[in-house]
Amino acid sequence: KLEIPSTLPTFLSMSMSMWRLFAILPLVAWADQSCSESSSEELREDTQFLQRSLQLQQETNIATDALARAKGTATVSKTKREGEVQTYFYYVNFHGVDPILATLLNVMHSSGQNCATCGLHLFSCEEEGLNETECQSRELMPCLKMPWSCTKDSGLLVMEAAIQGKNFTDRVNSSDLSSLKNLWPDRMRYETLMSSAMTFQWLPLLWGPGKRVLITTILRDPVERLRSVFYSLSPDHSPENFTDFLIAERDTAYGNMTEPQMARIQAEGIPWRKVIQGCCEYGHYLGNCDVAKAKRVLVSHFDFVGIYEDLPGSLASLAWLYGKSPEGMGTLARDTLLEVPPKKPEKWNKADLELAKNITAKDRDIYDFATELFKRQSVSMWNNENVWKDQIKKLEKAWNTKWEPE
């Protein structure tokens with residue numbers, strides 16, 4: 001039977017057009033936000049973890065031409081059959097991961113819809129080759145179809161709001177925290193997400209048979225993510241400016257930011273969420289600044305947690321999850337121009353590296369746990385580690401095969 005989530009607000013009588021308007025209004029007052037901690041069901045066995053993942057139909061056709069490959073705007077054509085499960089996708093898009101990865105996932109999620117990312121447009125104006133005027137006109141157009149996915153950066157706000165006031169301790173076995181048995185059923189995870197008003201743009205108001213939610217993310221080494229944030233914020237990449245940035249991030253992480261530092265951030269127009277990205281993004285959005293809670297959220301709500309430093313291994317497991325072959329995923333990675341992360345990161349100044357490790361210590365704890373969870377999930381998907389490694393080799397071979405026009 002259809003179930004109305006217990007978290008459904010009483011003001012749902014508002015028109016859906018009002019919900020759409022509400023969801024796309026700019027979100028402000030980040031600096032005023034603070035981190036706070038805010039019916040028993042049997043947890044599934046490892047075999048259930050395998051059974052419950054998405055099974056996309058076999059006839060998924062990915063059509064890309066040379067222009068689409070150059071822009072990373074490949075399209076998906078899927079035919080939904082009667083009685084087929086409708087899956088709603090949520091990719092938690094953290095900073096520091098190649099943005100083309102979100103495009104790749106959009107290709108698999110989109111079902112031909114233009115509006116399929118948290119109720120906003122599927123591809124960026126740049127990806128679609130639109131000029132400034134065309135882009136502005138498009139942004140005023142409402143999404144006329146109910147999207148099925150959320151991969152935008154703004155999707156982080158969904159998770160932040162959804163976990164407020166919950167501790168997630170009752171249904172998680174803390175003695176084996178990374179156990180796959182800790183993954184909650186779809187209905188319970190749907191109810192968590194529905195705590196955020198933003199989900200009304202891409203999740204159904206009623207839940208029942210024939211509906212599934214698939215939640216994934218990929219995390220990057222927090223130290224490298226911190227440096228990536230600096231490069232994205234400052235045109236001055238000098239060592240001196242980088243050190244000043246690290247000092248400001250340290251003071252942010254420990255709540256010691258001075259008034260001059262805050263004034264500089266405001267003067268340069270840096271959004272508060274960008275400041276959070278450097279020091280504490282994982283803890284902030286996954287746990288409301290509680291490391292233990294962030295780990296519980298990862299293991300109880302995410303079908304898959306990938307690691308950017310092992311992107312081929314992450315894509316191989318995503319291929320399993322989406323019912324694709326590793327070779328098909330490798331070809332799609334090539335055609336969307338997704339790049340393999342460098343095996344050796346840029347060298348660090350020793351003093352800066354120690355400061356960066358200090359700044360990101362809490363997020364490092366979450367990242368290390370995510371790495372453990374990633375390996376357990378992947379080995380479970382492919383039955384053993386050797387099979388998983390073989391699939392990675394197949395994916396990498398397809399990824400590195402030069403494209404030639406037919």
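# Salt bridges and a parallel sheet

Modeller: The side chains of Arg-189 and Asp-303 meet in a salt bridge, 2.8 Å from N to O. The model is predicted.

Colleague: Why is the pair Arg-189 and Asp-303 called a salt bridge?

Modeller: The term asks for a side-chain nitrogen of Lys or Arg within 4 Å of a carboxyl oxygen of Asp or Glu. Here an Arg faces an Asp at 2.8 Å, so the pair qualifies. Side chains of opposite charge can pair when their charged atoms come close.

Colleague: What makes this pair a link between distant parts of the chain?

Modeller: Arg-189 lies in helix H7, while Asp-303 lies in the loop between helix H12 (291–301) and E8. The two residues are 114 residues apart. Both Arg-189 and Asp-303 are buried.

Colleague: What makes Asp-186 and Arg-189 a salt bridge as well?

Modeller: Their closest N and O atoms are 3.6 Å apart. The cut-off is 4 Å, so this pair also counts. Asp-186 and Arg-189 are both buried.

Colleague: Why are Asp-186 and Arg-189 separated by about one helical turn?

Modeller: Because they are three residues apart in helix H7 (residues 186–193).

Colleague: What is known about Glu-224 and Arg-227?

Modeller: These two form a salt bridge, with closest N and O atoms 2.8 Å apart. They sit in helix H8 (residues 222–233), three residues apart, which is about one turn of the helix. Both are buried.

Colleague: What joins Asp-186, Arg-189 and Asp-303 into one network?

Modeller: The salt bridges among these residues share partners. In the whole structure, the search finds 12 salt bridges.

Colleague: Now the sheet. How do you know that E3 and E7 pair?

Modeller: Pairing needs at least two bridges between the strands. Strand E3 (residues 86–92) and strand E7 (residues 211–219) have seven, so they pair, and in the parallel sense. Among the bridge partners are Tyr-88 with Val-213 and Thr-87 with Arg-212.

Colleague: How do you know that E3 and E6 pair?

Modeller: Two bridges join these parallel strands, and at least two are needed, so the pairing holds. Phe-89 stands opposite Ser-149 in E6.

Colleague: What makes E6 and E8 edge strands?

Modeller: The open sheet has four strands in the order E6-E3-E7-E8, with parallel pairing. Strand E6 (149–150) and strand E8 (304–307) each pair on one side only.

Colleague: Which helices pack on the sheet, touching E7 and E8?

Modeller: Helix H13 (residues 311–321) does, and its direction makes about 155° with that of E8. Helix H16 (residues 361–382) touches E7 and E8 too, at about 115° to E8.

Colleague: Why is E3 called mostly covered?

Modeller: Buried means under 20% relative accessible area, and seven of its seven residues are buried, so the description fits. On one side these are Gln-86, Tyr-88, Tyr-90 and Val-92, and on the other Thr-87, Phe-89 and Tyr-91. In a regular strand the side chains alternate between the two faces of the sheet.

Colleague: Where does the pLDDT stay under 50?

Modeller: Over residues 6–80. Among the elements of the chain, strand E1 (residues 61–63) has the lowest mean pLDDT, 30, and E8 the highest, 98. The chain mean is 77, and 71% of the residues reach 70 or more.

Key. Residues are numbered from 1 along each chain as its sequence is written. This is a predicted model: local features need pLDDT of at least 70, side-chain atom pairs count only at pLDDT 80 or more; totals for chains, interfaces and linings use all residues. Side-chain values use heavy atoms; hydrogens and water are left out. Contact means heavy atoms within 4.5 Å. Axes are lines fitted to C-alpha atoms, for helices over the stretch in contact, and angles run from 0 to 180 degrees between N-to-C directions. Buried means under 20% relative accessible area, exposed over 50%, partly exposed in between (1.4 Å probe, protein chains only). pLDDT is the predictor's confidence in each residue, from 0 to 100.
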